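Colleague: Got a minute to walk me through this one? I'd like to go residue by residue.

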Amino acid sequence: MNFIRNTIAVLVGLGIAGLIITLGIRVFPQWITFEAFAPFEHWQRFLYSMRGDKAFFGFLLFISGLGTTVGGVATALIVKYAKVAYAILIGFIMLFIAMLDVIIFPYHPTFYKISIFLTFFPFSWIGGKIVEIIYERNKKKRIAEKMNKSK
């Protein structure tokens with residue numbers, strides 16, 4: 001049962017991260033060079049049109065970090081044990097996808113290629129730590145309430 005729960009948690013986390021990245025790209029109308037909702041269907045043509053725009057790739061790093069953090073939080077909320085580990089798994093999968101993107105499509109600037117390694121793991125770790133800290137605080141609060149009731 002935990003395997004199914006954990007698998008669903010990872011899929012939900014990846015879906016949320018992908019949705020946040022998609023919505024982030026759609027924020028600026030000058031970046032919308034595609035007809036579909038998500039730019040991923042025409043990714044090569046989209047990246048080719050953005051190849052000289054360093055602001056876009058900087059924003060893509062930021063929005064990828066934000067999406068990975070929120071995806072990590074969602075995953076950590078759903079899984080029962082090893083919350084930070086599963087949140088970091090979201091970062092690993094997103095990093096793998098970003099590395100494939102950089103390898104397949106040659107339109108990324110150098111700073112983006114280097115920065116993806118510094119973005120996905122730390123942001124997903126932060127997402128897992130947020131949930132872990134919240135759970136620990138709630139656990140300490142419940143213990144304190146039990147101790148106060150017994151007096």
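Modeller: Sure, just keep in mind that this is a predicted model. Let's start with Phe56, which touches Ile25, Trp31, Phe46, Leu47 and Met50 once residues up to four places away in sequence are set aside.

Colleague: Which members of the largest nonpolar core touch the most other members?

Modeller: That core has 25 residues. Helices H1 (2-25), H2 (43-49), H3 (54-78), H4 (83-104) and H5 (110-150) each put in at least two of them. The members with the most contacts to other members are Ile25, Leu47, Phe56, Leu60, Tyr112 and Ile116.

Colleague: And on the outside, which helix gives the largest share of the nonpolar patch?

Modeller: The patch covers about 610 Å² and is built from Leu77, Phe123, Trp125, Ile126, Ile130, Ile134 and Tyr135. Six of its residues come from one helix, and that helix is H5.

Colleague: Hmm, nonpolar side chains tend to be buried together in soluble globular proteins. Take Ile130, then: is Ile130 buried, partly exposed or exposed?

Modeller: Ile130 is one of the patch residues and lies in helix H5. Its relative accessibility is 38%, which falls between the 20% and 50% limits. So Ile130 counts as partly exposed.

Colleague: What about Ile133, is that one buried or partly exposed?

Modeller: Ile133 is also placed in helix H5. As for distance, its C-alpha is 33 Å from that of Phe111, with the two positions 22 residues apart along the chain. With a relative accessible area of 43%, Ile133 is partly exposed.

Colleague: Let's talk charges. How many salt bridges turn up in a search of the whole structure, and which side chains meet there?

Modeller: The search of the whole structure gives one salt bridge. Its N to O distance is 2.7 Å, inside the 4 Å cut-off. The side chains that meet are Lys129 and Glu132.

Colleague: How far apart are Lys129 and Glu132 in terms of helical turns?

Modeller: Both sit in helix H5, three residues apart. Lys129 is partly exposed at 28% relative accessible area, and Glu132 is partly exposed too, at 30%. Because of that three-residue spacing in the helix, the separation is about one helical turn.

Colleague: Now Asp101 caught my eye. Which side chain of opposite charge is nearest to Asp101, and how far away?

Modeller: Asp101 is in helix H4, and it is buried yet has no salt bridge. Leaving out residues up to four places away in sequence, Asp101 touches Trp43, Leu47, His108 and Tyr112. Two of those contacts, Leu47 and Tyr112, are also among the core members that touch the most others. The nearest opposite charge is on Lys113, at 10 Å.

Colleague: Next, Ala87. What is its relative accessible area?

Modeller: Ala87 is found in helix H4. Beyond four places in sequence, it is in contact with Gly72, Thr75, Ser124 and Gly128. Its C-alpha is 9.4 Å from that of Val70, which is 17 residues away in sequence. Ala87 counts as buried because its relative accessible area is 0%.

Colleague: And Ala55, is that alanine buried or exposed?

Modeller: Ala55 lies in helix H3. From Ala87 it is 32 residues away in sequence and 28 Å in space, C-alpha to C-alpha. Its relative accessible area is 52%, and the cut-off is over 50%, so Ala55 is exposed.

Colleague: Where is Ser64, and is Ser64 buried or exposed?

Modeller: Ser64 lies in helix H3. Setting aside neighbours within four places in sequence, Ser64 is in contact with Ile21 and Phe120. Its relative accessibility is 4%, under the 20% limit, so Ser64 is buried.

Colleague: Last one. Which backbone angle stands out at Ala82, and what is its value?

Modeller: Ala82 belongs to the loop between H3 and H4. At 43% relative accessibility, Ala82 counts as partly exposed. Although Ala82 is not a glycine, its phi is positive, at about 55°.

Definitions and conventions: Residues numbered from 1 in each chain as written. Predicted model: local features only at pLDDT ≥ 70, side-chain atom pairs only at ≥ 80, totals over all residues. Heavy atoms only, no water. Core = buried A, V, L, I, M, F, W, Y, C linked by side-chain atoms within 4.5 Å. Buried < 20%, exposed > 50% of the residue type's maximum accessible area, 1.4 Å probe, protein only. Helix = DSSP H or I, 4+ residues; strand = E, 2+ residues; numbered from the N terminus. Contact = heavy atoms within 4.5 Å. Patch = residues over 30% accessible without salt bridge, like charges linked within 9 Å, V, L, I, M, F, W, Y side chains within 5 Å. Areas by Shrake-Rupley, 256 points an atom, 1.4 Å probe, with all protein chains shown as cover. Lys, Arg positive; Asp, Glu negative; His and termini not counted.
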